[in-house]
Amino acid sequence: MIIGLVEVLSPDFISGWALDTSNPDRKLKIRASISGDVIASAECETERLDVGKHYEVEGGNFGFLLSGLPAGCDLDGVMVEAGWRNQW
């Protein structure tokens, strides 16, 4: 099961964490979209030892940072999704 949290949603970037509890070693890909159009994507590659400790899993590269958002995009309609590298 994939779980996660968007911790910061700003006009400049979106950040948070995501974890596949059934396979914690799997590097997840994050994408943000508005009305079905992808506006940013990245892989979880930021160390988040706090998340690993809380969910009692080894490793810790569960954090993500989506930057380079389009200027003036309406963040009220943004959807953030997590999946596997080849899922999309």
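This note describes the fold, strand pairing and selected residues of a predicted model.

1. Overall fold. The protein chain contains one helix and seven strands. Followed along the sequence, these elements give the pattern β-β-β-β-β-α-β-β. The radius of gyration is 13 Å, close to the 12 Å that the globule rule gives for 88 residues, so the chain is as compact as a globular protein of that length. Measured out along the principal axes, the C-alpha trace spans about 40 × 25 × 15 Å.

2. Surface and contacts. Of the 88 residues in the protein chain, 35% are buried. The accessible surface amounts to about 5,400 Å², and carbon and sulfur atoms hold 47% of that area. Among contacts with a separation of 6 or more, 55% are made by residues 24 or more positions apart.

3. The four-stranded sheet. An open sheet is built from four strands in the order β1-β2-β6-β5, and the pairing is antiparallel. Its edge strands are β1 (2-9) and β5 (46-47), each of which pairs on one side only. As general background, strands of a sheet pair through backbone hydrogen bonds, either parallel or antiparallel. Strand β5 is joined to β6 (residues 61-67) by two bridges, and these two strands run antiparallel. Within this pairing, Thr46 has Gly63 of β6 as its bridge partner.

4. The β3-β4 hairpin. Strand β3 (residues 28-34) and strand β4 (residues 37-43) run antiparallel and are joined by six bridges. Across the pair, Ala32 stands opposite Ala40 in β4. Two residues lie between the strands of this hairpin, where Ser35 takes a positive phi near 55°. Ser35 is exposed, with a relative accessible area of 74%.

5. Positive phi outside glycine. Most residues other than glycine have a negative phi. Ser35 has a positive phi of about 55° although it is not a glycine, and its place is in the loop between β3 and β4. Glu56 also is not a glycine and has a positive phi of about 55°. Glu56 is located in the loop between α1 and β6. At 73% relative accessibility, Glu56 counts as exposed because the cut-off for that class is over 50%. A reader checking the backbone may wish to view both residues in their loops.

6. The aromatic pair. The count of aromatic pairs comes to one. The ring centres of Trp17 and Tyr55 are 5.7 Å apart and the ring planes stand at 50°, so the pair is tilted. This pair links distant parts of the chain: Trp17 belongs to strand β2 (residues 13-20), whereas Tyr55 lies in the loop between α1 (49-54) and β6, 38 residues apart. The two partners fall into separate exposure classes: Trp17 is buried, with a relative accessible area of 9%, while Tyr55 is partly exposed at 35%.

7. Cysteines. Zero disulfides are found in a search of the whole structure. Cys44 is in no disulfide, and the nearest cysteine sulfur, that of Cys73, is 20 Å away. A disulfide requires the two sulfur atoms to be within 2.5 Å, so the 20 Å separation rules out a bond between Cys44 and Cys73 in this model. Cys44 is buried, with a relative accessible area of 1%. Cys73 counts as partly exposed, at 21% relative accessibility, a value that falls outside the buried class because buried means under 20%.

8. Two exposed loop residues. Glu58 sits in the loop between α1 and β6 and is exposed, with a relative accessible area of 70%. Glu58 and Val6 are 52 residues apart in sequence and 21 Å apart in space, C-alpha to C-alpha. Ala71 is found in the loop between β6 and β7 (78-84), and at 80% relative accessibility Ala71 counts as exposed. From Ala71 to Asp12, the sequence separation is 59 residues and the C-alpha to C-alpha distance is 8.3 Å.

Terms used:
Residues numbered from 1 in each chain as written. Predicted model: local features only at pLDDT ≥ 70, side-chain atom pairs only at ≥ 80, totals over all residues. Heavy atoms only, no water. Buried < 20%, exposed > 50% of the residue type's maximum accessible area, 1.4 Å probe, protein only. Pairing = 2+ DSSP bridges. Phe/Tyr/Trp six-rings, centres within 6.5 Å; stacked < 30°, edge-to-face > 60°. Rg over C-alpha atoms; globule rule 2.2 N^0.38 Å. Contact = heavy atoms within 4.5 Å. Areas by Shrake-Rupley, 256 points an atom, 1.4 Å probe, with all protein chains shown as cover.
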